[in-house]
Amino acid sequence: MWSQPVTDVIESGINTVSPGTINESNIEKFTLFVRKSIGHFALFGLNGILTTLAIYFSCCDTTFYKHYKAILISLSIGLFVAALTEIIQGFIPSRAGAAIDSVVDFVGFILGLGITYLIILLILRNKRKKAK
């Protein structure tokens with residue numbers, strides 16, 4: 001499992017600060033939390049940021065609809081990749097795709113997209129204020 005080394009590092013850090021916090025009775029829940037929050041949510045959040053930037057800056061026109069078009073394209077890509085990764089896992093031995101993982105992936109993607117667009121719009125607003 002790819003998430004096990006990350007889980008071990010986080011567990012060690014937590015238990016260093018507060019000994020016995022992560023123990024045999026809660027290690028499975030903790031491992032699941034780390035896998036879902038980092039392996040799905042956070043990585044798809046990063047994917048959302050990078051995809052949104054790529055789509056936004058590759059749209060050549062400067063019309064008002066550029067933002068809506070870039071958001072729609074980014075969301076479509078995010079949904080497609082989230083679903084595709086889980087479908088592919090269904091064909092890999094010892095793996096299983098789960099619909100809830102696709103949802104977690106897509107929500108992480110949407111958060112990344114939202115953060116990126118918030119920053120883009122704040123920058124554009126600042127530029128307009130300076131231009132006046």
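## The overall picture

How many helices and how many strands does the secondary structure of the protein chain come to? The tally is 4 helices and 0 strands. Read from the N terminus on, the elements go α-α-α-α. Keep in mind as you look around that this is a predicted model.

Is the chain spread out or compact? Its radius of gyration is 19 Å, while the globule rule gives 14 Å for 132 residues, so the protein chain is more spread out than a compact globule. You can get a feel for the dimensions from the C-alpha trace, which spans about 60 × 40 × 20 Å along its principal axes. Buried residues account for 27% of the 132 residues. Now take the contacts with a separation of 6 or more: 62% of them come from residues 24 or more positions apart.

## α3 against α4

Let's start with helix α3, residues 66-89, and helix α4, residues 99-131. Their axes sit 9 Å apart, and the helices pack at an angle of about 155 degrees. Angles over 145 degrees count as roughly antiparallel, and that makes α3 roughly antiparallel to α4. The crossing of α3 past α4 is right-handed.

So who is touching whom? On the α3 side, the contact includes K66, H67, A70, I71, S74 and L75, and further along G78, L79, A82, A83, T85 and E86. On the α4 side you'll find D101, S102, D105, F106 and F109, followed by I110, L113, Y117, L121 and L124. Sorted by class, this contact has 13 nonpolar, 5 polar and 4 charged residues.

## α2 against α4

Next up is helix α2, which covers residues 27-58. It packs on α4 at an angle of about 40 degrees, with the two axes 7 Å apart. Why are these two called oblique? Angles under 35 degrees count as roughly parallel and 65 to 115 as roughly perpendicular, and α2 and α4, at about 40 degrees, are therefore oblique to each other.

Here too the crossing is right-handed, with α2 passing α4. The class count for the contact of α2 with α4 is 13 nonpolar, 9 polar and 3 charged residues.

## α2 against α3

To round off the set of pairs, look at α2 and α3. Their axes come within 9 Å and cross at roughly 140 degrees, and this crossing is right-handed. From α2, the residues involved are H40, F44, N47, T51, T52, I55 and Y56. They meet K66, H67, A70, I73, S74, I77, V81, A82, T85 and E86 in α3. By class, that contact has 8 nonpolar, 7 polar and 2 charged residues.

Some names should ring a bell. K66, H67 and A82 of α3 take part in the contact with α2, and K66, H67 and A82 are also listed in the contact with α4.

## Two residues to click on

Try S102, which lies in helix α4. Is S102 buried or exposed? With a relative accessible area of 15%, S102 is buried. Leaving aside residues up to four places away in sequence, S102 touches A82, A83 and E86. A82, A83 and E86 belong to the α3 side of the α3 and α4 contact.

Now find G90, in the loop between α3 and α4. G90 has 51% relative accessibility and counts as exposed. If you want a distance to check on screen, pick the C-alpha atoms of G90 and K36: these residues are 54 residues apart along the chain, and the two atoms are separated by 18 Å.

Terms used
Residues numbered from 1 in each chain as written. Predicted model: local features only at pLDDT ≥ 70, side-chain atom pairs only at ≥ 80, totals over all residues. Heavy atoms only, no water. Axes fitted to C-alpha atoms, helices over the stretch in contact; angles between N-to-C directions. Left-handed = near helix turned anticlockwise from the far one by under 90°. Contact = heavy atoms within 4.5 Å. Nonpolar A, V, L, I, M, F, W, Y, C, P; charged D, E, K, R; others polar. Rg over C-alpha atoms; globule rule 2.2 N^0.38 Å. Buried < 20%, exposed > 50% of the residue type's maximum accessible area, 1.4 Å probe, protein only.
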